[in-house]
Amino acid sequence: MDRFEPNLRIPGPTALPPTVREAGARQMINHRGPEFAAMLARILEGMKPYFGTTGDIAMLTTAGTGGLEAAVVNTLSPGDRVLGVSIGSFGDRFAKIARTYGAEVTVIEVEWGQAADPAVLRAQLERAPGYKAVLLTHNETSTGVMNPIPELAAVIREVAPEALILVDSVSGLGAVPFEMDAWGIDVVMTGSQKAWMSAPGLAMVAASERAWAAMESATMPRVYLDLRAHRDSHAAGQTPWTPAIAVVYQVDEGIRLMAAEGASAIFARHEACAAAAQAGLQALGFELFADPRHASKTVTAAVVPDDLDWKAFNGDLRRRGLVLAGGQGKLTGKIFRLGHLGSVTIEEILGAMSTLEFVSISAGRPIRPGSAVAAAQVAALESFGVAVPSAVGAGA
């Protein structure tokens with residue numbers, strides 16, 4: 001914790017580790033030279049275990065939304081029937097992209113705060129067969145919900161085996177387990193500013209052999225986002241267009257740090273931080289927005305109480321160095337979100353709870369000092385399998 005820097009607890013961009021920040025300040029290099037080629041190879045190979053694939057990954061200089069657009073335009077043609085499964089703002093965006101490029105999009109609208117129901121998906125696929133692709137969101141940061149992708153993908157593979165499965169995992173991949181090949185996913189994308197602990201600017205997109213084959217007949221327009229151009233260029237150690245080299249430096253360092261920590265430890269840390277955030281917010285009297293069965297491991301959404309002046313409350317939090325995210329779209333002013341992904345530590349979550357406690361008590365809310373911090377710490381310890389005496393767990 002640094003009193004001169006905020007405790008940045010939004011779902012992205014995430015705070016950068018010191019060595020990642022330093023990496024981004026390095027001098028530029030020739031992006032057509034051997035040093036860049038070696039770095040690109042390290043990044044693409046280092047990401048494969050987190051994607052859960054042995055296939056090719058393309059690195060694009062774009063925001064995460066560019067990765068969504070790349071998934072659509074590379075595999076589909078105007079007029080293709082597409083099923084979008086939307087559980088929030090980013091699910092809506094995925095469907096909008098496909099519709100904008102001429103796909104005939106049907107959307108399953110899931111109540112915000114809930115995950116997609118495999119049974120509902122099955123019924124839609126059986127009722128209206130012939131979809132070319134199904135669009136899924138892995139982790140919906142607008143609502144704090146994580147979809148059961150293995151179950152949803154299994155339904156699609158069983159009922160509509162010819163349909164391509166396109167998954168937005170911009171804010172999930174790298175923080176939680178993902179098995180692209182084993183689950184039968186065709187395209188999945190992520191962004192540098194999330195679990196990869198780097199600045200915004202890069203999207204990484206992996207495609208299955210089915211998806212690469214579909215690209216040969218897909219007719220949606222694409223030049224900059226053509227994944228085939230990226231794959232061909234990557235084989236020569238380059239990118240087809242000038243990359244965001246400073247961000248590439250950072251992702252390279254981020255993956256080095258992730259390799260040193262190990263995937264299982266990374267996943268356990270995100271589990272513990274999520275448990276701590278959820279327990280701490282509940283101890284503060286906030287109702288969690290997401291269905292607890294499908295609560296995100298990277299961002300927690302909480303309902304703004306009717307008796308709380310959120311604008312004033314949030315202003316006080318910011319003055320004390322805690323930066324949270326508000327609601328998006330129809331949830332603006334109704335929820336707030338606390339991000340816990342990337343380089344996040346338990347200590348940062350405990351610090352966030354301490355600040356929330358201080359501001360809550362200062363605002364006259366009936367909070368016992370230390371209650372939220374204690375609840376968060378107990379939840380984190382239990383997540384790591386540490387037995388906590390019941391008297392401590394009860395706040396005695």
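With 396 residues, the chain would be expected to have a radius of gyration near 21 Å if it formed a compact globule, and the predicted model agrees, because its own radius of gyration is 21 Å. Along the principal axes, the C-alpha atoms occupy a box of roughly 65 × 55 × 40 Å. The secondary structure comprises 15 helices and 14 strands. Buried residues make up 57% of the 396 in the chain. Among contacts with a separation of 6 or more, 72% link residues that are 24 or more positions apart.

The surface and the charges complete this overall view. The accessible surface is about 15,900 Å², and carbon and sulfur atoms contribute 55% of that area. The charged side chains number 33 positive and 40 negative, with the centres of the two sets 4 Å apart.

Turning to individual sites, Ser169 sits in the loop that runs from β8 (164-168) to α7 (180-183). Although a loop residue, Ser169 is buried, because its relative accessibility is 0%, and the cut-off for burial is under 20%. The side chain of Ser169 makes a polar contact of 2.8 Å with the side chain of His138. Beyond its neighbours within four places in sequence, the contacts of Ser169 are His138, Phe178, Val188, Met189 and Thr190. His138 thus appears both as the polar partner and in the contact list of Ser169.

Upstream of β8, the loop that follows α6 (149-159) holds Pro161. What is the exposure of Pro161? A relative accessibility of 40% makes Pro161 partly exposed, in contrast to the buried Ser169. Once neighbours within four places are set aside, Pro161 is in contact with Ile156 and Arg210. Tyr131 is 30 residues from Pro161 along the chain, and the two C-alpha atoms are separated by 9.9 Å.

Two backbone details deserve a friendly pointer for anyone inspecting torsions. The peptide bond from Gly12 to Pro13 is cis, with omega near 0°, and Pro13 belongs to the loop connecting β1 (7-8) with α1 (18-23). Met197, which is not a glycine, has a positive phi near 65°. Met197 is located in the loop from β9 (187-191) to β10 (202-207), and is buried because its relative accessible area is 6%.

The strand that follows this loop, β10, contains Ala207. With a relative accessible area of 4%, Ala207 also counts as buried. Setting aside residues within four places in sequence, Ala207 has contacts with Asp56, Met180, Asp186, Val187, Trp212 and Met215. Gln328 gives a sense of distance across the model: 121 residues separate Ala207 from Gln328 in sequence, and their C-alpha atoms are 30 Å apart.

Helix α12 (residues 310-319) offers a view of packing at the level of secondary structure. Which residues of α12 are buried? They are Trp310, Phe313, Asn314, Gly315 and Leu317. An α-helix has 3.6 residues a turn, so residues three or four places apart point the same way. The buried residues of α12 pack against β12 (322-323), β14 (335-339) and α13 (346-362). Ala312 belongs to this helix as well, but is partly exposed because its relative accessibility is 37%. Ala312 lies 13 residues from Ala325 in sequence, with a C-alpha to C-alpha distance of 14 Å. Just after α12, Gly321 adopts a positive phi of about 90°.

One of the packing partners of α12, strand β14, is preceded by a loop from β13 (325-326) in which Lys334 is found. Apart from residues up to four places away in sequence, Lys334 touches Ala302, Val303 and Val304. How far apart in space are Lys334 and Ala387? Their C-alpha atoms are 36 Å apart, for a separation of 53 residues in sequence.

Key:
Residues numbered from 1 in each chain as written. Predicted model: local features only at pLDDT ≥ 70, side-chain atom pairs only at ≥ 80, totals over all residues. Heavy atoms only, no water. Helix = DSSP H or I, 4+ residues; strand = E, 2+ residues; numbered from the N terminus. Rg over C-alpha atoms; globule rule 2.2 N^0.38 Å. Buried < 20%, exposed > 50% of the residue type's maximum accessible area, 1.4 Å probe, protein only. Contact = heavy atoms within 4.5 Å. Areas by Shrake-Rupley, 256 points an atom, 1.4 Å probe, with all protein chains shown as cover. Lys, Arg positive; Asp, Glu negative; His and termini not counted. Charge placed at Lys NZ, Arg CZ, Asp CG, Glu CD. Polar contact = N/O pair within 3.5 Å; in protein donor to acceptor, adjacent residues only side chain to side chain.
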